[in-house]
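Visitor: I'm new to this one, and I'd rather see one corner well than everything in a hurry. Please pick a single part and walk me through it slowly.

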Amino acid sequence: MKPLDADTLLAWFDAHGRHDLPWQHPRTPYRVWISEIMLQQTQVNTVIPYFERFMQRFPDVHSLAAAAQDEVLALWSGLGYYARARNLHRAARHIVERHDGRFPTTLEAWLALPGIGRSTAGAILAQAFDQRQPILDGNVRRVLARYHTIDGWPGDRAVQDRLWQRAEAAMPHRRIADYTQAIMDLGATVCTRQPDCTRCPLAEGCRAHATGHPQAWPGRKPRKALPVRRTAMLILRDADGRILFERRPPAGIWGGLWSLPECPVNESVPRHCRERLGVCVDHLSAGATFRHTFSHFHLDIVPVHGRIDDAPALREGGTHVLSPPDEPPGGLPTPVRRLLRQP
DNA sequence: AATGCGGGGCA
DNA sequence: TGCCCAGCATT
């Protein structure tokens, strides 16, 4: 099978690709690394403001390694998949402690860092070090699955293996950093879910385009109906208007973030607060239920407002704190931020 | 409401 | 090695 033509793609990139992304100027290993982690599961336009704020606060790997996890998560708050931020922070410490603050230049060394898989490692080496390494992110997967009409869901091992083979075969021997950005840009701007083949430089050799139904690739993940869980989120204010925040466990959903105390919907809120939080609540009122959807379940959230004592006997050191709603003690999950914005 | 988006961790 | 897990934006 004929690989796609890298020269044609590079010519398109020179004329129509994205050359003004923040991590391209300057294109340092640190900036490329941070951007690649943020770009896992998250689109470019969403990432840009987070990237700018992150660079302001943590301009290099040393400042990141020296930071408290709370501060890293606070800057990540709203981006989702918070394990990325925890792994990024661990990786920064790893680089400072074991690589003397210098970035690795081999695939193996990057893969040894938490949060770095084959595609991310390839993207960093190609873009920051101009090494000839393939990548296979969602954009590239879409382009290659269509160009070669590779059937099946890319999550399947066999399908993934075929895509990696194509990704390797497509790499040019020069301008690898530009090529890597080019094929991602094509997937992000032209070969999207509803592709615009009239603007595609590769349409001529694309087998999916030839079928007239390019949107049929890549195959979709087989989906089940998501279960629904319910919880009450407690917005408990003291006399000064401060809110009771609760730190979530270090892993799992919203791991390491600050959130609101929760109460199972079939339990009495006052009793739950007394027994689990050690506070007395009154003036309870429920708000409108809203839905937050995770990848594998819906969470229906009932906001419950209440008043608590001036000096609650908070249990467990460090897991609970009273703070003004606009000055949370750390990063908050998106539904909690939304809850505190519109009381 | 459905879809897309990489990698970690565990059996 | 094959599952299960995770949080947003976009459509």
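Guide: A residue is near a strand of DNA if one of its heavy atoms lies within 4 Å of it. Let's look at the protein around the DNA with that in mind. The model is predicted: local features need pLDDT of at least 70, side-chain atom pairs count only at pLDDT 80 or more, and totals for chains, interfaces and linings use all residues. Residues are numbered from 1 along each chain as written, chains are lettered from A and ligands numbered from 1 in written order, and side-chain values use heavy atoms, without hydrogens or water.

Start with DNA strand B. There are 21 residues around DNA strand B, and the ones that come nearest are Gln41, Thr120, Gly138, Arg142 and Arg220. Looking from the DNA side, 68% of the atoms of DNA strand B within 4 Å of the protein are sugar or phosphate atoms, and the rest belong to bases. By class, this surface holds 5 nonpolar, 8 polar and 8 charged residues (Asp, Glu, Lys and Arg count as charged; Ala, Val, Leu, Ile, Met, Phe, Trp, Tyr, Cys and Pro as nonpolar; the others, Gly among them, as polar).

Now zoom in on some polar contacts (pairs of N or O atoms within 3.5 Å). The side chain of Gln41 has an N or O atom 2.8 Å from a base nitrogen of DNA strand B. With Gly138, a backbone N or O atom sits 2.3 Å from a phosphate oxygen of DNA strand B. Ile116 also uses its backbone: one of its polar atoms there is 3.1 Å from a phosphate oxygen of DNA strand B.

Which helices help out? Helix H8 (118-129) and helix H9 (138-147) each supply at least two residues of the surface near DNA strand B. (Helices here are DSSP runs of at least four residues, strands of at least two.)

Stay with H9 and follow it away from the DNA. H9 packs with helix H10 (residues 157-170) at an angle of about 90°, their axes 10 Å apart, which makes H9 roughly perpendicular to H10 (65 to 115 degrees counts as that, under 35 as roughly parallel, over 145 as roughly antiparallel, the rest as oblique). Where they meet, Arg141, Leu144 and Ala145 of H9 touch Leu163, Arg166 and Ala167 of H10, a contact being heavy atoms within 4.5 Å. That meeting has 4 nonpolar, no polar and 2 charged residues. In the loop between H9 and H10 you'll find Thr149. The phi of Thr149 is near 40°, a positive value in a residue other than glycine.

Now swing round to DNA strand C. There are 18 residues around DNA strand C, with Tyr81, Tyr82, Ser295, His296 and Thr334 coming nearest. Of the DNA strand C atoms within 4 Å of the protein, 60% are from sugar or phosphate and the rest from bases. The surface near DNA strand C has 8 nonpolar, 10 polar and no charged residues. Strand E6 (290-293) and helix H14 (334-341) each give at least two residues to that surface.

For the atoms themselves, Thr334 has a polar side-chain atom 2.5 Å from a sugar or linking oxygen of DNA strand C. Tyr81 puts a polar backbone atom 3.0 Å from a sugar or linking oxygen of DNA strand C. Trp254 brings a backbone N or O atom to 2.8 Å from a phosphate oxygen of DNA strand C.

Methods. Polar contact = N/O pair within 3.5 Å; in protein donor to acceptor, adjacent residues only side chain to side chain. Axes fitted to C-alpha atoms, helices over the stretch in contact; angles between N-to-C directions.
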